[in-house]
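Subject: Structure handover

Hello,

Please find the structure below, with the notes I made while going through it. Keep it open as you read.

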Amino acid sequence: MKKTDTFFVIHNFNTVPENLLAYCENYIIYDASTDRNVTEELERKGYRYVHVENTGHNITSYFSYFADHYGELPEYLCLCKGNMLGRHCSEEYFGRVYDNKYFTYLYEDKNILDKLRQQGIGTGKGKEEGEPIECLVSESRYLEENTSWYVESPNHPHRYFDEYNSLLSFVYKKPVLPKYNVFSPGACYILHRSQVTKHTPEFYRNMIKIMNYGLNPSFPSEAHHVERMLPVIFCESYEENEWMNDEALFERKLEERIPVIRFEDSIRGKRMKKLRRLEYRLRKGIGQ
């Protein structure tokens, strides 16, 4: 198999990603493993890795790489997880796309619709009972109704944003607020350097702050928002709000969100919570 010159940025948790390394010439592993045997194996085999805090998800590793290596980014990057193959896409699919030189969704699950129907999650009034709120719009593009259903999970608390649209409007000026989101569950993509550098290092450091405030008991639901926002970040041309490129101003604006969310949580109607809980089922996503 020919190895690609696309640079792999691999977020790793408690696995040794040898199968991924067979596809690439150059890479960096951001290892968040809590299993010492894994870290020792990475060391023994001489793999290029840095140990990072376990945030419970992979997007902070990608954004940290962007910010820390901004002036020396490779032309093409593959953003992936150590356990991506077999979880978020098959080796057969990855073998067809790993050397792509254009924006590529690294997701594939031919059986996803049957799985969702078996869960019996309806889309609400006027929809056929048991019809899922998600579908595939192509082999690798996953479409989901923009309901922020995951915010009701007791495993994924929220501090700053309880809806995708609120975060999108915090990041950008006058964005389109979508009825549906198209994204790659697992947050794995191939992209060009120019798609990263359309934003500043400060932008990525600020985005990390939104979704990296602890595991209680698991990663914040804001990370689910950002997972769905990645195609917007990489592909759209919205104007950013000024605080997104100013870390001090950003931190002040972010703190202002805390009392707003507390108030909204206190008045949110029981009916809305009930509807969200009906939608709530944690499916495959960015979690490790």
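The side chains of strand β8 alternate along its length. N181 and F183 point to one face and are buried, while Y180 and V182 point to the other face and are not buried. Please bear in mind that this is a predicted model.

Strand β8 belongs to an open sheet of three strands, in the order β6-β7-β8, and the pairing is antiparallel. The edges of the sheet are taken by β6 (134–136) and β8 (180–183). Each of these has a single partner strand, so one side of each has no neighbour in the sheet. On average, neighbouring strands are turned by 25 degrees against each other, direction ignored.

Which strand pairs with β8, and over how many bridges? The partner is β7 (residues 142–145), and the two strands run antiparallel over four bridges. Two of the residue partners can be checked by eye: E145 is matched with Y180 of β8, and E144 is matched with N181 of β8. Helix α9 (residues 222–235) packs on this sheet and touches β7 and β8. The direction of α9 makes about 75 degrees with that of β8.

Next, the aromatic rings.

The count comes to 24 aromatic pairs. One of them is F63 with Y204: the ring centres are 5.2 Å apart and the planes stand at 55 degrees, so this pair is tilted. An angle over 60 degrees would have been needed to call a pair edge-to-face. F63 is in helix α3 (residues 59–68) and Y204 is in helix α8 (residues 201–211), so the pair ties together parts of the chain that are 141 residues apart in sequence. Are these two residues buried or exposed? Both F63 and Y204 are buried.

Y204 also pairs with F66, and here the arrangement is edge-to-face, with 5.0 Å from centre to centre and 70 degrees between the planes. F66 lies in helix α3 and Y204 in helix α8, so this pair ties together parts that are 138 residues apart in sequence. F66 has a relative accessibility of 0% and therefore counts as buried. The relative accessible area of Y204 is 0%, which means that Y204 is buried. Ring pairs also join these residues to others: F63, F66, F103, Y105, Y189, F203, Y204 and F234 are linked into a cluster.

Rings can have a charge over them too. The charged end of R48 sits over the ring of Y27, 4.2 Å from the ring centre. The charged end of K253 sits over the ring of W243, at 4.6 Å from the centre.

The last topic is salt bridges.

Side chains of opposite charge can pair when their charged atoms come close. How many salt bridges does the structure hold? There are 16 salt bridges. Here are three of them, with their places in the chain.

- K2 and D99 form a salt bridge, with their closest N and O atoms 3.9 Å apart. K2 lies in the segment before β1 (7–12) and D99 in the loop between α4 (91–97) and β5 (104–105), so the bridge ties together parts that are 97 residues apart in sequence. K2 counts as exposed because its relative accessibility is 60%, whereas D99, at 27%, counts as partly exposed.

- E40 and R36 form a salt bridge, with the closest N and O atoms 3.8 Å apart. Both residues lie in helix α2 (residues 36–44), four residues apart, which is about one turn of the helix. E40 is partly exposed, with a relative accessible area of 43%, and R36 is exposed, at 65%.

- K209 and E251 meet through their side chains in a salt bridge of 2.8 Å, N to O. This pair links distant parts of the chain, since K209 is in helix α8 and E251 is in helix α10 (residues 247–267), 42 residues apart. Both residues are partly exposed: K209 has a relative accessible area of 22% and E251 has one of 42%.

Some salt bridges share partners, and in this way K2, D5, D99 and K101 are joined into one network.

Regards

Key: Residues numbered from 1 in each chain as written. Predicted model: local features only at pLDDT ≥ 70, side-chain atom pairs only at ≥ 80, totals over all residues. Heavy atoms only, no water. Phe/Tyr/Trp six-rings, centres within 6.5 Å; stacked < 30°, edge-to-face > 60°. Buried < 20%, exposed > 50% of the residue type's maximum accessible area, 1.4 Å probe, protein only. Lys NZ or Arg CZ within 6 Å of the ring centre and 35° of its normal. Salt bridge = Lys/Arg side-chain N within 4 Å of Asp/Glu carboxyl O. Pairing = 2+ DSSP bridges. Axes fitted to C-alpha atoms, helices over the stretch in contact; angles between N-to-C directions. Contact = heavy atoms within 4.5 Å.
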